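Work through the two exercises below with the sequence and the model side by side, and try each task before reading its solution.

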Amino acid sequence: EIGQLAFRGCKRLMNVAPLPVIDSILAPFAGCECLFENIVDWWSDEVTDEEGRSMFHSELMNRFQDYPVHDICSKQSYFSRAKAMEELKAVLDTEPNAASRVDVLEMTPFHLLALSSKPRICLFQMLQAVCSRSVMELRDWDGCLPIHYLCLN
């Protein structure tokens, strides 16, 4: 369970994957100025989905539903290098343009790899092979390039 003060003192939380069991998604993140001030403004806590959850929660829960490359890149550190490469290759072989898309936070797969605690250069290279340079120069909702997150990592 995530406590109410779990992120107290946090200044730059950028990547969130909320759990469906959290009753009030905003409370634990209220201490993170960056996430709370920038993202929460996009969805009102008073606007709810059909299950009564905040739209903020719903958007984050389904963030990668239609973005298979983003999903792989966000979870790649949980898999072996070979498994991550295999999954990414399978998606890129069938849908090469998926690597150029931006999600609800205006992030590309490059942003998500850069945010990883263990960014894998082989996955950056696989994406680079199918993307134009302009994709690597896209800024997210906070105005950051993937390289900015690599520098913070």
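A residue is called buried when its relative accessible area is under 20%, exposed when it is over 50%, and partly exposed in between (1.4 Å probe, protein chains only). The model is predicted, so local features need pLDDT of at least 70 and side-chain atom pairs pLDDT 80 or more, while totals for chains, interfaces and linings use all residues. Residues are numbered from 1 along each chain as its sequence is written, and side-chain values use heavy atoms, with hydrogens and water left out.

**Exercise 1.** Decide whether K75 and its salt-bridge partner D71 are buried, partly exposed or exposed.

*Solution.* A salt bridge is a side-chain nitrogen of Lys or Arg within 4 Å of a carboxyl oxygen of Asp or Glu, and the side chains of D71 and K75 meet in one at 2.8 Å, N to O. Next, K75 has a relative accessible area of 37%, and therefore counts as partly exposed. D71, at 24% relative accessibility, is likewise partly exposed.

**Exercise 2.** Find where R63 and D103 lie along the chain, and state whether they are buried or exposed.

*Solution.* The side chains of R63 and D103 form a salt bridge, with N and O 2.7 Å apart. R63 belongs to the loop between helix 3 (55-61) and helix 4, whereas D103 belongs to the loop between helix 5 and helix 6 (109-115), so that the pair links distant parts of the chain, 40 residues apart (helices are DSSP runs of H or I, at least four residues, numbered from the N terminus). Finally, both R63 and D103 are buried.

Notes:
Helices (H or I, at least four residues) and strands (E, at least two) are DSSP runs, numbered from the N terminus.
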